[in-house]
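Got your viewer open? Let's take a short walk through one part of this model, one selection at a time.

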Amino acid sequence: MPPRKKTADKPNFETKLQLLEALVEKMEGGDMSLSDTLDAYEQGMKLTVELNEELNCAEKRMQELSGAKAVDMADAP
């Protein structure tokens, strides 16, 4: 089976995480205007939601592969 082609318009998990980390560093620098800070915060929150969704899907897939019963992470020890 040929490898999947990555689309240029859809960054992978690692790229999204790097973008989020860069946004946080930039915001922590304190050199941004209020408007730029709010825009960066909004972008960061969107990335956070996307990253969490990807992690949840990966966790579900791992549980399916291992035959484990799905456990809500809020209920995990």
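Helices here are DSSP runs of H or I with at least four residues, strands are runs of E with at least two, and both are numbered from the N terminus. Residues count from 1 along each chain as its sequence is written, and side-chain values use heavy atoms, with hydrogens and water left out. What you see is a predicted model, where local features need pLDDT of at least 70, side-chain atom pairs count only at pLDDT 80 or more, and totals for chains, interfaces and linings use all residues.

Start by selecting K16, which sits in helix α1 (residues 13–29). Is K16 buried or exposed? It counts as buried because its relative accessibility is 6%; buried means under 20% relative accessible area, exposed over 50%, and partly exposed in between (1.4 Å probe, protein chains only).

Now show what surrounds K16. Leaving aside neighbours within four places in sequence, K16 is in contact (heavy atoms within 4.5 Å) with P11, L47, E50, L51 and E54.

Next, add L20 and L23, which are buried in α1 along with K16. They cover an arc of only 60 degrees around the axis (taken from the directions from the helix axis to the C-beta atoms), so they lie on the same side of α1. The buried residues of α1 pack against α2 (34–66).

Spin the view around: Q18, E25, K26 and E28 are exposed on the other side of α1.

Finally, check what flanks the helix. N12 caps the N-terminal end of α1, with a side-chain oxygen 3.3 Å from the backbone nitrogen of E14. After α1 comes G30, with a positive phi near 75 degrees.

Terms used: A polar contact is a pair of N or O atoms within 3.5 Å; within protein, one must be able to donate a hydrogen and the other to accept it, and residues adjacent in sequence count only if both atoms are side-chain atoms.
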